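Q: Please take a close look at one part of this model, the packing of a pair of helices, and then place that part in its wider setting.
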2 protein chains.
Amino acid sequence: MEMNFQYFVPVHIISGANCVREYASAMRTFGGRVLIVTGKSSAKNGALEDAVYALKQNGQKFTVYDEVPNNPTVASVYKGAEEARRFGAEFIVAIGGGSPMDAAKAIAMLARQEAKEGIFDHPITDDVLPMVHIPTTAGTGSEVTPYAIITNDEKQTKTSISAPSLFPRLAYLDGKYMEDLPQSVTVNTAIDALSHAVEGMLSVRAGNMSDLFAKESIRIILSEYESLRTGHYTLQTRQNLLYGSTLAGMVIANTGTTPVHGMGYSLTYFHGVPHGRANGLLLPAFLKSCLEKSPERTRQIYDALHMTPDAFCKAMDDLLGKREKYDDETLRNYAHRASLNKNVKNCLMYFSEEDLYKVLHQSLG
Amino acid sequence: MEMNFQYFVPVHIISGANCVREYASAMRTFGGRVLIVTGKSSAKNGALEDAVYALKQNGQKFTVYDEVPNNPTVASVYKGAEEARRFGAEFIVAIGGGSPMDAAKAIAMLARQEAKEGIFDHPITDDVLPMVHIPTTAGTGSEVTPYAIITNDEKQTKTSISAPSLFPRLAYLDGKYMEDLPQSVTVNTAIDALSHAVEGMLSVRAGNMSDLFAKESIRIILSEYESLRTGHYTLQTRQNLLYGSTLAGMVIANTGTTPVHGMGYSLTYFHGVPHGRANGLLLPAFLKSCLEKSPERTRQIYDALHMTPDAFCKAMDDLLGKREKYDDETLRNYAHRASLNKNVKNCLMYFSEEDLYKVLHQSLG
């Protein structure tokens, strides 16, 4: 076991049915005025109503900023920050999937910091509005990470900003907000979470504690594999998938991700492939390649998956359906882009640009 | 699985050989002046030297307060707080077993708060000096809990003070500080940690996440059972026991303890039985009694232990050696005292005063 590790997840997690209403008081200490950050559709699942009920119960005043698009833009977070300042928000409640939850972090930071260099180069200080996160998808883990992934048009990719001050203070986990999620979103986000757990085990920063979370996350998500395949979910299934996703978030909060994410960003940026799906398309071939490079460590991952390499490919294919195909020039370009991403250095196994191309080719060629 | 739970452990954990020196910079943000809190013998294992080296590297000024006795007294923490104020300490570095680590929390609080009502009745605010904890025994888990157990002479017991602000900010886990620990201390502290993990699973606040930590803690500690029995330790054994103890601390940080601790405090207060040993003397009979009250849940614990109830009794007996014996009147008194402790209400199974007496009688009669 790897005893050299660091662990830090300073988020108060409250999990369970109706936890937002039942534990409204946990938000009381953060201030009297709240900016609720969400997307146009993110809050249409009861989460906004519950948050509003809770804030009213606490006597807190709020306004809603719901202009966060899918794959949040720089403009949308600056606008949200302006809204926070205008309203005099003392803290933020983020409701949604990865996009609103990530955007909320950038907004909480920009509401207090000027970021003259632009948000991607700004050294983030501790002066950030406190945040309460309410996930309405089970994939990103953003509710327990210090990362915000924002669309970076200048570099034509998605770029992660990160700082300890970007951890939410509080996360409410209630699976009922996912009950009406479309099948495709449920599958893609579950694959995203699974990818986080697996990639966390491939990180140079992996250690005992992150492995503990990663293996449990893998176990729980795959225990719901039949639900994912058939599209039949119970509330318990939803809560399990959410818990698995939060555990995976606690993994990457400490380990970061690998070139799977680096490659996936191009698929999302240039072709609009949903983030989780992008990871899922690449993960099986990537993991097979890891097996050649570091058999011992990679076998631990297949053991956690309880699958052979081929069985894992088949299991993912059954969830993903027909794969996207891209021509060689396109894939070479994405391999090059991924080779420049910092998460190449974060991987236990070295992947050259040529190695990345091979994974892309096997997955999408 | 129990999905209604809360989790909060906002401690930055850094684990591994020589981590204090290697990650000295993690202490840089807490201020320029440091009170080191330790016991007379606690720091004689290289930990104080490493801390001093690290603080010097950071250019931080320090003074040492080493007057924390075993089972810290109220007077000793007031004196430490006076020392902190006199020196103008901006943060605290605690080095030692449970006593210095717990005392440091009370000192960090009293350095900033008056506590006119006395420390046991004072409502603790967030204004507490930041703390860095360096455990030199593997048992208490204090480095990751918000608890400080202080000797309460007025009530003739040990009383826990607790607040979110009493969580250390940073914990360094290096097993090398335990290499010269006497066998009895090693065994007693390991039993303390094991008891935390087991008691956490018996708590009304137990949930998925605390169970995950508890089961892993039990697994790791018992994987070193032969070392504990024979007294042969490697550095890896030491690091494993420390990791198991920290995991168990993360459990009770979220679940609290049970009447095992409540009963044990009398053995420590009136007879000087080491805290971990006190728990170990009582745990097997307590757990057997739980099995009658809630068979299903208790079986999960025996499953985690990979032992039958009788095998667990035997395993603990082999570590504990000859048991203390007390007369009936004494045990009735301790049952009464334990029945008044708040951790009776924290247990999934109801234990009346008579039930507690039976456990005490079976264990020590």
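In which hand, left-handed or right-handed, does helix 3 of chain A pass helix 4 of chain A in their crossing?

A: In this predicted model, helix 3 of chain A passes helix 4 of chain A in a right-handed crossing. Helix 3 covers residues 74-87 and helix 4 covers residues 98-110, and their axes come within 8 Å and cross at roughly 50°. Since an angle of this kind falls outside the parallel, perpendicular and antiparallel ranges, helix 3 of chain A is oblique to helix 4 of chain A. On the side of helix 3 of chain A, the contact is formed by Ser76(A), Val77(A), Tyr78(A), Gly80(A), Ala81(A) and Ala84(A). Helix 4 of chain A supplies Ala103(A), Ala106(A), Ile107(A) and Leu110(A). Sorted by class, this contact has 8 nonpolar, 2 polar and no charged residues.

Two members of this contact, Ala84(A) and Ile107(A), are also touched by Ile92(A). Beyond residues up to four places away in sequence, Ile92(A) touches Leu35(A), Val37(A), Ala84(A), Ala104(A), Ile107(A), Ala108(A), Leu129(A) and Met131(A). The largest nonpolar core has 242 residues, and those that touch the most other members are Ile92(A), Ile107(A), Ile92(B) and Ile107(B). In soluble globular proteins, nonpolar side chains tend to be buried together.

A second helix pair, in chain B, may be set beside the first. The axes of helix 6 (residues 208-223) and helix 8 (residues 235-255) of chain B come within 8 Å and cross at roughly 155°. With angles over 145 counted as roughly antiparallel, helix 6 and helix 8 of chain B are therefore roughly antiparallel to each other. Helix 6 of chain B passes helix 8 of chain B in a left-handed crossing. Among the residues making this contact are Phe213(B), Ile220(B) and Ile221(B) of helix 6 and Leu241(B), Leu247(B) and Val251(B) of helix 8 of chain B. By class, the contact of these helices of chain B comprises 10 nonpolar, 7 polar and 1 charged residues.

The two helices of chain B also take part in the contact between the chains, to which chain B and chain A give 17 residues each. On the side of chain B that touches chain A, strand 1 (5-15), helix 6 and helix 8 of chain B are the elements that give two or more residues. Strand 1 of chain B provides the largest share of that side, 9 residues. The residues on this side of chain B divide into 9 nonpolar, 7 polar and 1 charged.

Conventions. Residues are numbered from 1 along each chain as its sequence is written. Chains are lettered from A and ligands numbered from 1 in the order in which they are written. This is a predicted model: local features need pLDDT of at least 70, side-chain atom pairs count only at pLDDT 80 or more; totals for chains, interfaces and linings use all residues. Axes are lines fitted to C-alpha atoms, for helices over the stretch in contact, and angles run from 0 to 180 degrees between N-to-C directions. Helices (H or I, at least four residues) and strands (E, at least two) are DSSP runs, numbered from the N terminus. Angles under 35 degrees count as roughly parallel, over 145 as roughly antiparallel, 65 to 115 as roughly perpendicular and the rest as oblique. A crossing is left-handed if the near helix is turned anticlockwise from the far one by less than a right angle, and right-handed if clockwise. Two residues are in contact if their C-beta atoms, placed from the backbone, lie within 7 Å. Ala, Val, Leu, Ile, Met, Phe, Trp, Tyr, Cys and Pro count as nonpolar, Asp, Glu, Lys and Arg as charged, and the others, Gly among them, as polar. A nonpolar core is a set of buried Ala, Val, Leu, Ile, Met, Phe, Trp, Tyr and Cys residues joined through C-beta atoms within 7 Å. A residue is buried if 20 or more other C-beta atoms lie within 10 Å of its own, exposed if 12 or fewer, and partly exposed in between; C-beta atoms are placed from the backbone.
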